[in-house]
Amino acid sequence: RACGWRRSRSVGRETTMAEGPSTSSNALLCAAPIIADECMAVNRAFVECKQGDPNPNKCLGEGEKVTACVLKTLRTAEEKCGPSFTGFQKCLHNRSRQFADCVEQQAAFEKCMGYKR
C-alpha cells in the first residue's frame, strides 16, 4: 500500500497516518539505512543489554526505545518526504524489490531526508 493508508488487520477498516506510520516491509526496506543511522545508539544499547542478560524481561525498556526510534523515523519520512518515500516504495514493490531498478527513487527519497551515504 502507499504511505498514509493501510488496512487494519484487527477490524478491516482503513486507518490514517495519525494512528502511526506504515511499517510495511517496503517502508522498512526503503528507510533501513536512515533507521540504522538514526537509531544506532538505542539499538546498540538494546543489543548490549540482550548480550548481558538472558532474561527477556530485562531489556524491555531498551526494546521499546528501539521501536519508538524506528516509528519516529518512519513518521518523519512520511510527513517530510511523503511523495518520494511513496515513490520509492512503489518502485520496489513493482520491481520485485530490485534496488538497482529504483536508484532514481531512492536518491530522491534520501535527498529529501538529508541522508548522505
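So, α1 goes past α3 in a right-handed crossing. Keep in mind that this is a predicted model. Helix α1 covers residues 25-38 and α3 covers residues 60-94, and their axes come within 8 Å, crossing at roughly 135°. That makes the two helices oblique to each other.

Who's touching whom here? On the α1 side, you've got N26, A27, L28, L29, C30, A31, I34, I35 and E38, and they meet C69, V70, T73, L74, F85, F88, Q89, L92 and H93 of α3. Sort the residues of that contact by type and you get 13 nonpolar, four polar and one charged.

Okay, on to α4, which is residues 103-113. Which of its residues are buried? Those are Q106, F109, E110 and M113. Look down the axis of α4 and these buried residues fall within an arc of 95°, so they line one face of the helix. What do they pack against? That would be α1 and α3, the pair I just showed you. Now flip to the face of α4 turned away from the buried side, and there you'll find the exposed residues E104 and K111.

Let me zoom in on Q106 for a second. Why do we call Q106 buried? Its relative accessibility is 14%, and the cut-off for buried is under 20%, so Q106 counts. Leaving out residues up to four places away in sequence, Q106 touches F88, F99 and R117. F88 should ring a bell, since F88 is also one of the α3 residues in the contact with α1.

Last thing: just after α4 comes G114, with a positive phi of about 75°.

Definitions and conventions
Residues are numbered from 1 along each chain as its sequence is written. This is a predicted model: local features need pLDDT of at least 70, side-chain atom pairs count only at pLDDT 80 or more; totals for chains, interfaces and linings use all residues. Side-chain values use heavy atoms; hydrogens and water are left out. Axes are lines fitted to C-alpha atoms, for helices over the stretch in contact, and angles run from 0 to 180 degrees between N-to-C directions. Helices (H or I, at least four residues) and strands (E, at least two) are DSSP runs, numbered from the N terminus. Angles under 35 degrees count as roughly parallel, over 145 as roughly antiparallel, 65 to 115 as roughly perpendicular and the rest as oblique. A crossing is left-handed if the near helix is turned anticlockwise from the far one by less than a right angle, and right-handed if clockwise. Contact means heavy atoms within 4.5 Å. Ala, Val, Leu, Ile, Met, Phe, Trp, Tyr, Cys and Pro count as nonpolar, Asp, Glu, Lys and Arg as charged, and the others, Gly among them, as polar. Buried means under 20% relative accessible area, exposed over 50%, partly exposed in between (1.4 Å probe, protein chains only). The arc is that of the directions from the helix axis to the C-beta atoms.
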